[in-house]
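Me: Could you take me on a close look at one part of this protein, its largest pocket, and then show me how the other hollows and the surface compare as topics? I am new to this, so please go step by step.

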Amino acid sequence: MIKRYTRKCMEHLWNLENEFQKMLDVEIATCEVMCELGEIPKDVLNNIKEKASFTVERIQEIEKDTNHDIIAFVSTVQENVGEGGEYIHKGLTSSDVKDTALALLMRESADIILEELKKLSVVLLKKAKEYKYTPCIGRTHGIHAEPMTFGLKFILWYEDTLRNIERIEKARKIVSVGKLSGAVGTYSNINPQVEELVMQKLGLDFDKVSTQIIQRDRHAEYLTSLAIVASSLEKIATEIRALQRTEIRECEEYFSKKQKGSSAMPHKRNPITCERISGLARIVRGNALASLENIALWHERDISHSSVERVILPDSTIIVDYCTNKLTELIDNLLVYPDNMIKNIDNTGGLIFSQRILISLVNRNVPRDDAYIWVQRNAMKKWINNEDFRDNIKKDEDIRKYLDEKEIEDCFNYDYYLRHIDFIMNRFNI
């Protein structure tokens with residue numbers, strides 16, 4: 001696994017002690033329900049709740065002999081409980097405990113990620129308001145297209161983030177499911193009512209039907225949702241990286257006074273956080289593919305999924321939490337250069353207003369194909385020979401039959417392209 005992110009909540013979530021504690025929570029909740037149903041004496045339950053404990057070191061010591069972590073865990077707890085310890089894990093199989101505990105861990109990790117996504121959405125909305133009317137050039141295929149505003153980029157990312165919040169909320173529900181149905185899901189040695197009551201205690205849904213395990217399409221939905229989130233974060237990071245390029249420089253990552261960009265070149269200011277997010281997103285997408293491979297198992301269960309999940313679940317949740325946190329910080333402190341945006345709008349000498357001229361001609365009943373040819377031939381003179389586009393449009397005899405000089409000048413005004421910004425932003429109450 002990757003080096004784990006050290007922000008306390010996510011670091012604690014996936015450490016071994018917490019994983020085993022979640023299993024112990026499942027075991028104790030099961031004993032409580034069995035006691036309520038008259039299957040365990042009250043004094044035995046009290047002893048279990050008082051003495052049930054473990055150490056990771058002791059579990060690992062027993063596992064050296066058993067080569068089975070859940071048996072080692074149960075044995076450790078039973079050692080500490082002493083008399084009555086035999087009721088622990090009664091009628092259960094390892095996956096009953098492991099999968100139910102894993103559901104608790106996934107649910108908690110989803111809550112952490114949701115909290116970070118909501119923080120990101122707040123920052124994006126703030127920036128959308130701040131740069132609502134800041135003109136910049138829109139690009140398609142990396143080429144200047146038409147004017148827009150910088151705020152539109154942020155409101156688009158804000159809407160992306162809202163969808164990602166919905167995705168994780170849905171995935172959270174899908175994985176918040178436990179099972180206590182025995183070796184092949186037939187409740188052969190446990191009362192089905194125990195499962196329902198235990199899941200109520202744990203705040204989980206019970207799986208209506210299972211094999212020895214909870215089916216892995218649930219886990220795959222969570223992992224693929226995380227992959228979409230990571231890809232959305234990368235999408236934002238990629239745009240910022242592109243806009244930070246020297247020849248564009250419309251915005252850039254914050255660069256502190258003591259920060260250094262290169263060991264060789266003192267002038268460098270590199271988009272290292274954006275690049276880190278882009279790189280880590282690849283891991284999450286790869287992990288999502290592994291989760292899809294986990295869906296098809298032999299018969300009622302094999303163990304091929306288990307080793308995979310020990311890597312992909314901690315790593316993917318840690319990465320998404322980390323990247324969301326870092327991107328929120330990056331956006332909040334983003335350096336923005338509106339003057340460079342204006343310079344870039346003017347960089348093509350007015351070529352970006354070509355559609356405005358085209359439409360003006362069409363509005364004068366010029367056949368579209370003819371109008372397109374007239375405007376394009378003057379645009380190509382700018383691209384190829386660096387001739388003045390506006391002057392050539394004014395000199396074009398075909399165009400001048402339909403548009404006078406003032407009407408042509410009116411086409412070269414980027415305010416026209418921004419007249420519906422309020423309409424778009426009002427959809428988000430800004």
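Reply: Let's start with a definition: Ala, Val, Leu, Ile, Met, Phe, Trp, Tyr, Cys and Pro count as nonpolar, Asp, Glu, Lys and Arg as charged, and the others, Gly among them, as polar. Please keep in mind that this is a predicted model.

With those classes in hand, turn to the largest pocket. Its lining holds 11 nonpolar, 8 polar and 10 charged residues. The volume of the largest pocket is about 550 Å³. If you would like a place to start looking, find Asp69, Ile70, Lys98, Ser306 and Arg310, which lie nearest the centre among the 29 lining residues. Which elements build this lining? At least two residues each come from H2, helix H4 (56–66), helix H5 (69–81), H6 and helix H11 (304–332). H11 has the largest share, with 7 residues.

Next comes the second largest pocket, with a volume of about 450 Å³. It is lined by 17 residues, and Leu351, Ser354, Gln355, Tyr372 and Ala379 are the closest to its centre. Two or more lining residues come from each of strand E2 (143–149), helix H13 (354–362) and H14. Here H14 gives the largest share, 7 residues. By class, the lining of the second largest pocket has 10 nonpolar, 5 polar and 2 charged residues.

Helix H14 also takes us to the surface. Residues 368–385 form this helix, and it gives the most to the nonpolar patch, with 3 residues. The patch covers about 440 Å² and is made by Ile143, Met380, Trp383 and Ile384. Met380 sits in helix H14. Why is Met380 called partly exposed? Its relative accessible area is 36%, and the term covers values between the 20% limit for buried and the 50% limit for exposed.

Finally, let's look at the enclosed spaces. A search of the whole structure turns up 3 cavities of 30 Å³ or more, and the largest cavity holds about 40 Å³ of space. Glu19, Met23, Lys98, Ala101, Leu102 and Leu105 line the largest cavity. Two or more of these residues come from each of helix H2 (16–36) and helix H6 (94–130), and the largest share, 4 residues, belongs to H6. By class, this lining has 4 nonpolar, no polar and 2 charged residues. Look for Lys98 as you go: this residue lines the largest cavity, and Lys98 is also among the residues nearest the centre of the largest pocket.

Terms used: Residues numbered from 1 in each chain as written. Predicted model: local features only at pLDDT ≥ 70, side-chain atom pairs only at ≥ 80, totals over all residues. Heavy atoms only, no water. 1 Å grid on protein atoms, 1.4 Å probe; cavity = no way out; pocket = protein on both sides within 12 Å on 5 of 7 lines; lining within 4 Å. Points joined across faces, edges and corners; volume = space filled by probe spheres on them. Patch = residues over 30% accessible without salt bridge, like charges linked within 9 Å, V, L, I, M, F, W, Y side chains within 5 Å. Areas by Shrake-Rupley, 256 points an atom, 1.4 Å probe, with all protein chains shown as cover. Salt bridge = Lys/Arg side-chain N within 4 Å of Asp/Glu carboxyl O. Buried < 20%, exposed > 50% of the residue type's maximum accessible area, 1.4 Å probe, protein only.
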